[in-house]
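The exchange below takes up how certain labels are justified. Each reply sets a computed value against the rule that gives the label.

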Amino acid sequence: LNPRPKMLCIGLSSRRNLCIHPSVSEERDPKIVDSKCRNLTASWRRENQNELCQLYEGFENITDFSSFEGVLSLTDLRAKGSEKNWCPYFLARKLVDRANIVVFSSQYMIDPRVFSAVSEFPPNSIIVFDDAHNLDNLCIDALSVNITRKTLDDSMMNITTLTKAVQQIKKVDEERLKKEYSHLIEGLAQSNVTRIADQIMAEPALSKDIMEEVVPGK
């Protein structure tokens, strides 16, 4: 008999559901969990700090992923992580490309921001939606943006601040250009280029058209 082919089925979820870090996993807010996780695992942070996530470092030391097989639920991934000192979240992310079956929330497939960070499945993949009658609401939620009054007020404040900063930069650049122009006129007047100096001295100030063309933002 031919040996049964290896099969791998994994469950995939957020950091909040898979994290087993002693302090990070105590957080209830998914955004805080994501932020603390990134602070411990981002490459640029790992190079410049002593406090590291030992679970992630353990995951980084895995050299062979071909031995993983069977069904690995979220509970199984957390148990495996605790046993081997591996990060269950990054382990699941890594095994997605090797798994025959991946189970995750429908939102992971619908929301392009999430799906792009998960994986790219082969063209012949079969997608099964459970509870599909809610797909329309999921699509609306995933592709909608909620704008509050505070968001609008903050945006207006930022625009006002930016406008003031641009106006200040324009003023500084205009004064600098006028000063350089005056130095040029004085230098020509003191040199032997008398004809050119006389022409410039006839109109020593920069015209408004030139100022608007040269100064950024004009």
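The questions and answers that follow concern a predicted model.

Q: Why is Cys19 called buried or exposed, whichever applies?
A: Cys19 has a relative accessible area of 12%. Buried means under 20%, and therefore Cys19 is classed as buried.

Q: How do you know whether Cys19 is in a disulfide?
A: The cysteine sulfur nearest to that of Cys19 belongs to Cys37 and is 6.3 Å away. A disulfide requires a pair of cysteine sulfur atoms within 2.5 Å, so Cys19 is in no disulfide.

Q: What is concluded for Cys53 under that rule?
A: For Cys53, the nearest cysteine sulfur is that of Cys87, at 5.8 Å. The cut-off is 2.5 Å, and Cys53 is therefore in no disulfide. Applied to the structure, the rule gives a count of zero disulfides.

Q: What makes Cys53 count as buried or exposed?
A: The relative accessibility of Cys53 is 7%. Because the limit for buried is under 20%, Cys53 counts as buried.

Q: Which residues lie nearest the centre of the largest cavity?
A: They are Cys19, His21, Cys37, Cys53 and Cys87, out of 14 lining residues. Helix H2 (30-41), helix H4 (54-60) and helix H6 (88-95) each give two or more residues to this lining, and H2 provides the largest share, with three.

Q: Why is this space called a cavity, and what is the volume of the largest cavity?
A: The term applies because a 1.4 Å probe fits there but cannot get out. The largest cavity holds about 110 Å³ of space, and the structure has one cavity of 30 Å³ or more.

Q: What is the make-up of the lining of the largest cavity by class?
A: Eleven nonpolar, two polar and one charged residues form the lining. Cysteine counts as nonpolar, so Cys19, Cys37, Cys53 and Cys87 fall in the nonpolar class.

Q: Why is Thr41 called buried or exposed, whichever applies?
A: Thr41, which lies in helix H2, has a relative accessible area of 9%. That value meets the limit of under 20%, so Thr41 is buried. Leaving aside residues up to four places away in sequence, Thr41 touches Arg46, Cys53, Tyr56 and Phe90.

Q: What makes Ala79 buried, partly exposed or exposed?
A: Ala79 belongs to helix H5 (residues 74-84) and has a relative accessibility of 44%. Buried is under 20% and exposed is over 50%; Ala79 lies in between and therefore counts as partly exposed. Ala79 and Ile20 are 59 residues apart in sequence, with their C-alpha atoms 9.3 Å apart in space.

Q: What makes the largest pocket a pocket, and which residues are closest to its centre?
A: A pocket is an open set of points, whereas the probe cannot get out of a cavity. The largest pocket has a volume of about 540 Å³. Its lining has 21 residues, and Val102, Phe104, Phe121, Ile126 and Ile127 are the closest to the centre.

Q: Which elements each supply at least two residues of the lining of the largest pocket?
A: Strand E3 (101-103) and helix H7 (106-110) do so, and E3 contributes the largest share, three residues. By class, the lining of the largest pocket comprises 13 nonpolar, five polar and three charged residues.

Methods. Residues are numbered from 1 along each chain as its sequence is written. This is a predicted model: local features need pLDDT of at least 70, side-chain atom pairs count only at pLDDT 80 or more; totals for chains, interfaces and linings use all residues. Side-chain values use heavy atoms; hydrogens and water are left out. On a 1 Å grid over the protein atoms alone, a cavity is a set of points where a 1.4 Å probe fits but cannot get out, and a pocket is an open set with protein on both sides within 12 Å along at least five of seven lines; lining residues have an atom within 4 Å of a point. Grid points are joined across faces, edges and corners, and a volume is the space filled by probe spheres set on the points. Helices (H or I, at least four residues) and strands (E, at least two) are DSSP runs, numbered from the N terminus. Buried means under 20% relative accessible area, exposed over 50%, partly exposed in between (1.4 Å probe, protein chains only). Contact means heavy atoms within 4.5 Å.
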